[in-house]
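Work through the following exercises with the sequence and the 3D structure in view. Try each task before reading its solution.

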Amino acid sequence: MLKEKMLKVLNEQINAEQYSAMLYLAMSAYFNDKGLPGFANWMYVQYQEESSHANKFFNYVVERGEKVELGAIKQVPTTWEGIIDVYEATLEHEQMVTGLINNLMDVAVAESDHAAQSFLRWFVDEQVEEEANVQQILDTLKLIDGQGNGIFLLDREMRQRIFVDDTLAAK
Ligand code: FEO
């Protein structure tokens, strides 16, 4: 059982996480098209992570005995002006998501929903990590300053990223 406002924002967050997943999938497609398989892989893992976030919210709404309402996912952008532009858009997007998670927490506090607060804490921590990871990549990209050698090496490093479903360990 969830209060109406809490259910509404949780359902909206499922949609927001699915939008994030599609956004990063589009970025993965963009990098594949640009001949950057490592960056494409990094974004594909990002897509998998966001799908797992959507699923975590989905399962939570079900666990609280409520009905999930899925809405249409907004069209995502499909092109950017280069690697830095992609990661700047990613950082901006994650900062926006942090705002959404904070708002969810505010609602949980206002509704005295202690269980939801406990559930949301995982996402509060996750957002700190997300923003820090993206910021670090952006810093490296700025240091490389578009030079071929640096991009080549970073792309090779990005190829190593694999998807680990942290949402399962957190349960
Ligand atoms: Fe689901 Fe990147 O936050």
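**Exercise 1.** Which residue follows H4, and what is the sign of its phi?

Solution. The model is a predicted one, in which local features need pLDDT of at least 70 and side-chain atom pairs count only at pLDDT 80 or more, while totals for chains, interfaces and linings use all residues. Residues are numbered from 1 along each chain as its sequence is written, and side-chain values use heavy atoms, with hydrogens and water left out. Helices are DSSP runs of H or I with at least four residues, numbered from the N terminus. The residue that follows H4 is Asp 145, and its phi is positive, near 55 degrees.

**Exercise 2.** Compare the expected span of helix H4 with the distance between its end C-alpha atoms.

Solution. The expected span is 1.5 Å times one less than the number of residues. Helix H4 (residues 114-144) has 31 residues, so it should span 45 Å, and the 46 Å between its end C-alpha atoms agrees with this. Next, look along the helix: at Leu 120, H4 bends by about 30 degrees, the bend being the angle between axes fitted to the seven residues ending there and the seven starting there. Finally, at the start of H4, a side-chain oxygen of Asp 113 comes to within 3.4 Å of the backbone nitrogen of Ala 115.

**Exercise 3.** Find how many salt bridges the whole structure has, and examine the one formed by Glu 49.

Solution. A salt bridge is a side-chain nitrogen of Lys or Arg within 4 Å of a carboxyl oxygen of Asp or Glu, and a search of the whole structure finds 5. In one of them Glu 49 pairs with Arg 161, their closest N and O atoms being 3.3 Å apart. Because Glu 49 lies in helix H2 and Arg 161 in the loop between helix H5 and helix H6, the pair ties together parts that are 112 residues apart in sequence. Both Glu 49 and Arg 161 are buried, where buried means under 20% relative accessible area, exposed over 50%, and partly exposed in between (1.4 Å probe, protein chains only).

**Exercise 4.** Is Glu 88 buried or exposed, or in between, and which residue is its salt-bridge partner?

Solution. Glu 88 forms a salt bridge with Lys 142, the closest N and O atoms being 3.6 Å apart. Since Glu 88 lies in helix H3 and Lys 142 in helix H4, this pair ties together parts that are 54 residues apart in sequence. Glu 88 has 35% relative accessibility and therefore counts as partly exposed, and Lys 142, at 46%, also counts as partly exposed.

Terms used: Helix = DSSP H or I, 4+ residues; strand = E, 2+ residues; numbered from the N terminus. Polar contact = N/O pair within 3.5 Å; in protein donor to acceptor, adjacent residues only side chain to side chain.
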